[in-house]
Each structure stands twice: as C-alpha cells, then as structure tokens.
Amino acid sequence: MKHCANTAHILMPKSNIDLHKWSVVACDQYTSQPDYWNETAKIVGDSISSLHLILPEVYLENSNTPQYIEKIHKTMNEYIKNNVFSALPEGMMLIARDTGKTRKGLVLQFDLEEYDYKLGSKSKIRPTEKTVEERIPPRLAVRDGASIEIPHIMIMIDDPDRKIIEPIYQKRDTFSKLYDVELMQDGGHITGWFIPKSDETENILNMLDELSDPKIFSEKYNTSIDTPVLPFAVGDGNHSMATAKAYWENIKPTLSEDEKLNHPARFILAELVNIHDESIIIEPIHRILFDVDIENLFQSAFKFFESKNAKCKIVDSSNLNNPNLHAFPFKTKDKDGMLLIENSSYALPIASIQTFLDEYISKNHNTKIDYIHGDDVLSDLSSKDNSIGFFMPTPKKEDLFRGVIFDGVLPRKTFSMGDAREKRFYMEAKMIIK
C-alpha cells in the first residue's frame, strides 16, 4: 500500500437508524461518572446504537465484564446479519463537529504497520503519551472476537498553513451529506460528508505523504535529515490504537504473506485533525504536591538537575526571554516564586519538571501529586500547609509534535485538549474480519 493514511471501506448505519441514539461518546470518557453512562443507557434504550458495541471503561473492572464483552460480540454479528449498516464505496468522510467552535476532520484508515507505541518508537504514527501496556489486555478482550470496529481515535497533523483539511472543508457543499445530527448529553452537533475515492482524495493523500518527506520535515523542525519523520501523532484514543496494534500483531502470524497486505485488521479508522484547527484549545495542566517538605523538595531539585548537567535555582521573578530557560511559577502558603531550570536536556519545559517530580515522588512516598486545571483552583489548594503548586506554561501547538520528536513521548498530563463532551462520538464503522 502506498499511503500511510488511505481511503477506506466505511460502514454507516442505514438511513432509518436514529443517529441521535446511535452516536455515543468515546468509551474512555466519564470514567468516574457512572451517572453519565446510566443516562446514556436511558436515552438509547433498546434502540440500535453504538452503545451496545462498546464497553464503557467505567465498567471495566466489573465482575460481569466477560459476559458484557460476549454480548458486544453477539450484537455486532446481529447488526451485520440484520443489515444495520450500509457499505459505502471506498472513500473518506469529511467531518464538522460543532461544540461552540467547529472542528474539521477527515475519517481515514491508517496502516498499523506504520504505528508503534513502544518507547523509542521511530514509526510514522506515534502516541503522544506513554502507553501503559497493562491497560491493553482488558481492551484486547473486546477487540478479539469483534467483527467490526467503531473507533474513537483522533490523529493529529501539524499543518500550520492549513493546506490539507481546511481547503476540502470549504468545498463541503459539493459532496454528499450523509448525516447532520444533534449529539446527546450536550455533545454538540456533527455533520458528515462522504468523499468517494477520486482525484480529490488522491490529492489529499499526496499532501499527507509530503508530511513524511525527510527534507521538508528537517527544515520544518530544524532536525538532521536522518531524524525519523513524524507526520501523525495520536491525540486521543492512544490505548485503543495500541489495542488494535496488539490484535494485529497477534493474528499476523496466522496469515499468508498475501493476506497480510490487505487484511482489514491491519488498518484502523480514525479522525484526522489539524492541531492548528481553531477549535483545538490547548490548556496547561498544573501540578500540586501535598504533604511535602518544601525545603527538601527544592534541595532535591538542585541535586537532580545538577546530575543532568543542568542548573536549577529559585528566584522571585524571571526574564523569560532566555530560550535555554524553563521557568515554573510556584505558590506555597508563605511564598510565591519561580523555579528556573537552565540548559535542560528536554525540548519541552514540562518534561523537565515532570521527570524530576516523578523521581521525587518515587523516593518520598508520603508526598502525593495531583494534576489541576485552572489557576484559581491551584492557588487555592497551594495555600494549605505543606503544599506547593507549580504553574505549567501553556504548550504551543507546534511544541506538541516537537516534544514527541525530541523527547520520545510527552509527559503524562502535559495538556488538556477539550473536555469530555468534545471528544469523538462513535459514528463510522469498519470490518476487521474477512
């Protein structure tokens, strides 16, 4: 296959299906809010719905999970037998998701042979965060035995000039509109247009291929020409993507060489989104430590960064114009200040401090760390005894790719990219068995 991303044979619910009830939010959202999923179940009832084809992760640890998964597989087969789906001609879907601002995307299939979630991966598709392999087996149980997939994965491209997705969106009225529906539970509105395989789609795929051009890549990120290119970064659904990869690696040895080339399980559907889309709001996630000896923390920071051939100091304020300086305002009950790290080996500031905090927590078991949204919340929590809050800088969109390119993967909780209701809702499907 020529392209890393390509057109697909997409399955869509037939026109008589109520898409408001069909489409539910990604299974890895609202994992601490069973009430959300209970309400979703009430809305759906016995209607044909993607809810019956997924395992919401809020229920992942339940004792009846094996029975739940068995029912999912049975329902998939029933939906196929009862012709719930229409098989579209080969092509791609153009998506507009409105939750206040409109996110534009393209639903394509991606070659899992071009994806690797292992640390140190040099593949063309890589995760943005560390994959916790212990999280794969329970998810693999859902995919193993499934006849179709209805993925919620979002894959990002770094296209600051908006040359790929945005121009095709401007031509949306020339394509066939397949759905236009209000999503449940404050999920906003979604519209989808089908683009059949054509010169139009080939032009899109060729532009995506240019993201893998070593010369263009090295100039864009100021790297050496032999730096492994990164055209695609998994933004949402990292563990679902990893599960699909694990499943493919499991069945691949059972296939002939010809079967390996085009087996449907080799490819996964995902929505492609430009990180520079105006709807993508990148917000920092701050750090707070509780039950911490603050003086010990600072002394430990000085020693840690000295061991990494970097410098660390505490000041009242900072000149942030120094490109070799990573600066973190902090707040305690008695003091406001700035932690400065100079000549860090990490590309992203957040990687510098998170690496230290991880080591500190591992050695000081009474100290707890939490991840906080919002300056005011962090300030309030930091005013308590034996607590310190670190304010993280807002990541630049282009730095998210740079972090993966230069640091391997981003530290956990690097950024927030929309709230739960803005995540992908299930809509399109694809066969994964022959």
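These legends walk through several close-up views of a predicted model.

**View 1. Here we meet the sheet that runs from strand 15 to strand 18.**
Six strands are arranged here as an open sheet, and their order is 15-17-16-19-14-18. The pairing is antiparallel. Which strands sit at the edges? They are strand 15 (311-315) and strand 18 (368-372), each of which pairs on one side only. On average, neighbouring strands of this sheet are turned by 25° against each other, direction ignored. Look next at strand 16 (residues 325-331) and strand 17 (residues 336-342): they run antiparallel and are joined by 7 bridges. Within this pair, His 326 stands opposite Ile 341 in strand 17.

**View 2. Two helices, helix 11 and helix 12, pack on this sheet.**
Helix 11 touches strand 14 (286-290), strand 16, strand 17, strand 18 and strand 19 (388-390). The direction of helix 11 makes about 20° with that of strand 14. Helix 12 (residues 375-382) touches strand 14, strand 16, strand 18 and strand 19. For helix 12, the angle with the direction of strand 14 is about 15°.

**View 3. A close look at helix 11 shows which of its residues are buried.**
Helix 11 covers residues 349-363, which makes 15 residues. From its first C-alpha to its last it reaches 22 Å, close to the 21 Å expected at 1.5 Å a residue. The buried residues are Ile 350, Ala 351, Ser 352, Ile 353, Gln 354, Phe 356, Leu 357, Tyr 360 and Ile 361. As a handy reminder for reading any such view, an α-helix has 3.6 residues a turn, so residues three or four places apart point the same way.

**View 4. Two serines, Ser 352 in helix 11 and Ser 379 in helix 12, can be studied one after the other.**
Is Ser 352 buried or exposed? Ser 352 is buried, because its relative accessible area is 0%, and buried means under 20%. Leaving out residues up to four places away in sequence, Ser 352 touches Phe 305, His 326, Ile 341, Ser 344 and Tyr 346. Ser 379 has a relative accessible area of 24%, so Ser 379 counts as partly exposed. Beyond its neighbours within four places in sequence, Ser 379 is in contact with Lys 331 and Phe 391. Ser 379 and Ile 361 are 18 residues apart along the chain, and their C-alpha atoms are separated by 21 Å.

**View 5. Strand 4 lies between two partners in this view, strand 10 and strand 5.**
Why is strand 4 (residues 91-98) described as largely enclosed by the rest of the structure? Because 7 of its 8 residues are buried. Strand 4 pairs with strand 10 (residues 189-196) in the antiparallel sense, over 8 bridges. Here Leu 94 stands opposite Trp 193 in strand 10. Strand 4 also runs antiparallel to strand 5 (residues 102-111), joined by 6 bridges. Lys 104 in strand 5 is the bridge partner of Ala 96. The hairpin of strand 4 and strand 5 has 3 residues between the strands, and in it Gly 100 takes a positive phi near 120°.

**View 6. The largest nonpolar core has 90 residues.**
In soluble globular proteins, nonpolar side chains tend to be buried together. The residues with the most contacts inside this core are Leu 106, Phe 110, Ile 155, Leu 208, Phe 232 and Leu 272. Try finding Leu 208: not counting residues up to four places away in sequence, Leu 208 touches Ala 5, Leu 108, Ile 157, Ile 164, Phe 232 and Leu 272. Apart from this core lies another, of 41 residues, among them Ile 275, Leu 297, Tyr 360 and Phe 415.

**View 7. Helix 8 (residues 238-251) gives the most to the largest core, with 7 residues.**
How many of the 14 residues of helix 8 are buried? The count is 11, and helix 8 is mostly covered. Among the buried ones are Met 241, Ala 244, Tyr 247, Trp 248 and Ile 251. The buried residues of helix 8 pack against strand 6 (125-127), helix 4 (136-143), strand 8 (154-157), strand 11 (232-236), helix 9 (257-262) and strand 12 (267-274).

Terms used:
Residues numbered from 1 in each chain as written. Predicted model: local features only at pLDDT ≥ 70, side-chain atom pairs only at ≥ 80, totals over all residues. Heavy atoms only, no water. Helix = DSSP H or I, 4+ residues; strand = E, 2+ residues; numbered from the N terminus. Expected span 1.5 Å × (residues − 1). Buried < 20%, exposed > 50% of the residue type's maximum accessible area, 1.4 Å probe, protein only. Pairing = 2+ DSSP bridges. Axes fitted to C-alpha atoms, helices over the stretch in contact; angles between N-to-C directions. Contact = heavy atoms within 4.5 Å. Core = buried A, V, L, I, M, F, W, Y, C linked by side-chain atoms within 4.5 Å.
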